[in-house]
Amino acid sequence: MARRMLIAGNWKMNGLRQSLGIIEEIRAFAIVRSDLDILIAPPATLIPAAVKIAGLVKIGGQDCHSKRSGAHTGDISAEMLKDAGATYVILGHSERRAGHNEKSAMVRAKATAAQSAGLMPVICIGESESERRAGKAELVIGRQLEESLPHDTDYVIAYEPIWAIGTGLTASLDDIAAMHIFIRDRLPAGKDVKILYGGSVKPENAAAILAIEDVDGALVGGASLKADSFSAIIDAAPIRFAASK
Ligand code: PEP
């Protein structure tokens, strides 16, 4: 079954109100490329304003708490993201796993909370450079999948080798293809789940990466912060469906 492509932008801790112009520009691309889904995850402060101007562009959060509410100063629940107009949430990004000591069990709890709130979780997994060099990439990814996935199979996976994030390095096309097949084989609803690649995706490499059969889109950091580079990546995605809407 052909899966609809998803090109997702992760703004991380970047973006003030003036950055909303990027979303206005991308909105036009979402009309032209209605054969695929476009997601932007701005900082939480911009979500309500982003939703107002997004048109067909989907807006997501970059994290959520596993609890619905309570004494968790500074945190945001999945229900709050939904209430603000988000429809997706990125979870388990390597920057959160490393910088906030998030373990896979926590990612699973957050993913379950996101699904209960009606959000689509984008669950990030990825190996470090030393793990890949030691030949342990599949072992690490297999374990992350086993421990991070919620029971409900309605999620998106983002395979992001940690050493490729924000470094300008990308995994080889062969390694990406092999890892995406490995991941799909281990998913209970394998053929129906979108698996994105992330890690220094840019206009120059997007077409080759997105042409790989088991790559269903990209999670883009740095290159999503400018409308011209993000739209060039969207443009590079192959057409799997006739445009709709
Ligand atoms: C990311 O933030 O998930 C990411 C892949 O970043 P970059 O595209 O900048 O490597």
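Student: What makes the largest pocket a pocket, and what is its volume?

Tutor: On a 1 Å grid over the protein atoms alone, a pocket is an open set of points where a 1.4 Å probe fits, with protein on both sides within 12 Å along at least five of seven lines, whereas in a cavity the probe cannot get out. The largest pocket has a volume of about 500 Å³, a volume being the space filled by probe spheres set on points that are joined across faces, edges and corners. This is a predicted model, in which local features need pLDDT of at least 70 and side-chain atom pairs count only at pLDDT 80 or more, while totals for chains, interfaces and linings use all residues. Residues are numbered from 1 along each chain as its sequence is written, and side-chain values use heavy atoms, with hydrogens and water left out.

Student: Which residues line the largest pocket closest to its centre?

Tutor: Lining residues have an atom within 4 Å of a point, and of the 22 that line the largest pocket, Pro43, Ala44, Gln62, Asp63 and Arg96 are the closest to its centre.

Student: Why is the pair Asp63 and Arg96 called a salt bridge?

Tutor: The term asks for a side-chain nitrogen of Lys or Arg within 4 Å of a carboxyl oxygen of Asp or Glu; the closest N and O atoms of Asp63 and Arg96 are 3.3 Å apart, so the pair qualifies. Asp63 lies in the loop between strand S3 (58-61) and helix H3 (78-84) and Arg96 in helix H4, so the salt bridge ties together parts that are 33 residues apart in sequence. Helices (H or I, at least four residues) and strands (E, at least two) are DSSP runs, numbered from the N terminus.

Student: What makes the approach of His93 to the ligand a polar contact?

Tutor: A polar contact is a pair of N or O atoms within 3.5 Å (within protein, one must be able to donate a hydrogen and the other to accept it, and residues adjacent in sequence count only if both atoms are side-chain atoms). A side-chain N or O atom of His93 is 2.8 Å from an oxygen atom of the ligand, so the pair meets that limit. A polar side-chain atom of Asn10 lies 3.2 Å from a ligand oxygen, and a backbone N or O atom of Gly222 lies 2.8 Å from one.

Student: How do you know how much of the ligand the protein buries?

Tutor: By the Shrake-Rupley method with a 1.4 Å probe, where for residues only the protein chains shown count as cover, the ligand taken alone exposes 300 Å², of which the protein buries 95%.
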